[in-house]
Amino acid sequence: MPEKIREPLLRELSSPGRQGVRFPDLDVPQSPLPGDLLRGDLPLPEVSEIDVVRHYTRLSHFNHAVDINFYPLGSCTMKYNPKINEALARLPGFSALHPLQPEITVQGALRLMYELQEALKEITGFAGCSLQPAAGAHGELTGVHIMRAYHADRGDTRRNKILVPDSAHGTNPASSAMSGFRVVEIPSDERGNIDLTALKAECDDTLAGLMLTNPNTLGLFEEHLLEVIDTVHAAGGLVYGDGANLNALLGIAKPGDLGFDVMHLNLHKTFATPHGGGGPGSGPVVCAPHLTDFLPAPIVVIKEEATDDLPPFYGFHTPAKTIGRVKAFHGHFSVMVKALAYILMLGGPGLRQVAEDAVLNANYLRVRLQDAYRIPYNRICMHEFVAEGRWKDAPDVHALDIAKRLMDFGFHPPTNYFPLIVHEALMIEPTETESKETLDAFAAAMLQIAEEAHTNPEVLHSAPHETPFGRLDEVKAARDLVLQWDDRPPK
Ligand SMILES: *Cc1c(COP(=O)(O)O)cnc(C)c1O
């Protein structure tokens, strides 16, 4: 089968004179194009419409997608993205706007942004919200800039240090360093919590803040969360919340109530926009009252309250001590449309059920796999858990082999080798949208692979076998990327 799927990709589809489009006869005089704009050496493929459709449809099947099968890529929240979100984002009243239109002509779009800001504040328990950042990492950078601006505004210029737990996503230390802070790593304790003793030892008057992910990247709720936050606050620091794992808390706990000062959300993860293929994301930043003045500009506000005859008038506002603009125009508007559609469709009770089902699904898989795979921090988890992809009695088998073998069963592999504190990590996040049948099929595959690791490790080393392409040389694929088909002999 693989060869049959591959074969049409490996031959030239272009045939001289073949055409996929027909233009109507000219009804204006022909005029020559300037010669310096024309390239004679551009070999555009000559293909029919069906050639093009089959080519791209075939290519789309080479990739795994959440619309094809289970995608338990930990920390990425690869939930099913309802198609109605796309239909709404494509409405011409949203998709055909220009970002420089006068406010009066885009009141509907501004209302949508305003209502999304309000919904995100309600869900997270914060006082302010900016929708500008383009994705999670950008939201982190924005949030850390806000923390820096807050300390600077108080004349508290000695605070040059940010603490980051060793389980954190790599973007946390990167955002801190890019904002000019010194990053100090805090270890985790044996239950997967941030180590309180190590934390306290770093809480001095140079502390700008702590970046904390809760639930953390082990999928565990920080058991001493309130004490951690109080400790940082008592030293004059701020607590940044990495909100990538908000899916576990929706409708159950509000990070603002828990004492976080500022946080980003990943709309493309928690609020259902397709992601992972490089498309637009959105990483709004929400914050507590003492930080709202520093939010990036502009923010959508009601400029004139509704009257008996008129709806409210929405417009852009620049906070008094804003860190400035972090993105051209107003952020990724189409993702905002999808997120608000998703929030309104589910409503409060529906959002809470998202969290409950995500947590239930993760715990179901954790328990089904715990006898075959070592789970180093094995306690009730939130939306995901981390297993080890290694066995003492199967020393040649690695997490990568398990990941590749899973593709033979039609599943996307879990996140590999992250978080760094688990050896041969397999980070599994089922999300709420999967049925028990799917979870059972995945568990059965994982259990079979654990068996094979001991009885037939070669089938793991040589996996995948059932995909259009076998195991790639990942370094070569990254370093020597060929993006363009060219069957002409090399010059
Ligand atoms: C995904 C993720 C990020 C980064 O978010 P992007 O939207 O990919 O930039 C940060 N922290 C954690 C824990 C994540 O899972």
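Hi everyone, one term before we start: a polar contact here is a pair of N or O atoms within 3.5 Å. Please also keep in mind that this is a predicted model.

Let's begin at the ligand. Lys 269 places a polar side-chain atom 2.8 Å from one of the ligand's oxygen atoms. Asn 266 also reaches a ligand oxygen, with a polar side-chain atom at 2.9 Å. On the nitrogen side, a polar side-chain atom of Asp 242 sits 2.6 Å from a nitrogen atom of the ligand. On its own the ligand has 380 Å² of accessible area, and the protein covers 86% of that.

So who makes up the surroundings? The shell includes Ser 75, Glu 140, His 169, Thr 171 and Ala 244, along with the three residues I just mentioned. By character, the shell residues split into six polar, three charged and three nonpolar. Two elements, α6 (136–153) and α11, each give two or more residues to this shell. Which element gives the most? That would be α6, with three residues.

Now a short step over to Ser 282, for those of you who like to look behind the pocket residues. You'll find Ser 282 in the loop between α11 (267–270) and β7 (285–287). Is Ser 282 buried or exposed? Ser 282 is buried, because its relative accessible area is 0%, and the cut-off for buried is under 20%. Among the residues it touches are Leu 131, Pro 133, Leu 265 and Val 335. Ser 282 also touches Ala 135, Asn 266 and His 268, and those three belong to the ligand's surroundings as well.

That's my tour, thanks for listening!

Notes. Residues are numbered from 1 along each chain as its sequence is written. This is a predicted model: local features need pLDDT of at least 70, side-chain atom pairs count only at pLDDT 80 or more; totals for chains, interfaces and linings use all residues. Side-chain values use heavy atoms; hydrogens and water are left out. Helices (H or I, at least four residues) and strands (E, at least two) are DSSP runs, numbered from the N terminus. Buried means under 20% relative accessible area, exposed over 50%, partly exposed in between (1.4 Å probe, protein chains only). Contact means heavy atoms within 4.5 Å. A residue is near a molecule or strand if one of its heavy atoms lies within 4 Å of it. A polar contact is a pair of N or O atoms within 3.5 Å; within protein, one must be able to donate a hydrogen and the other to accept it, and residues adjacent in sequence count only if both atoms are side-chain atoms. Accessible areas come from the Shrake-Rupley method with a 1.4 Å probe; for residues, only the protein chains shown count as cover. Ala, Val, Leu, Ile, Met, Phe, Trp, Tyr, Cys and Pro count as nonpolar, Asp, Glu, Lys and Arg as charged, and the others, Gly among them, as polar. Lists of a residue's contacts leave out its neighbours within four places in sequence.
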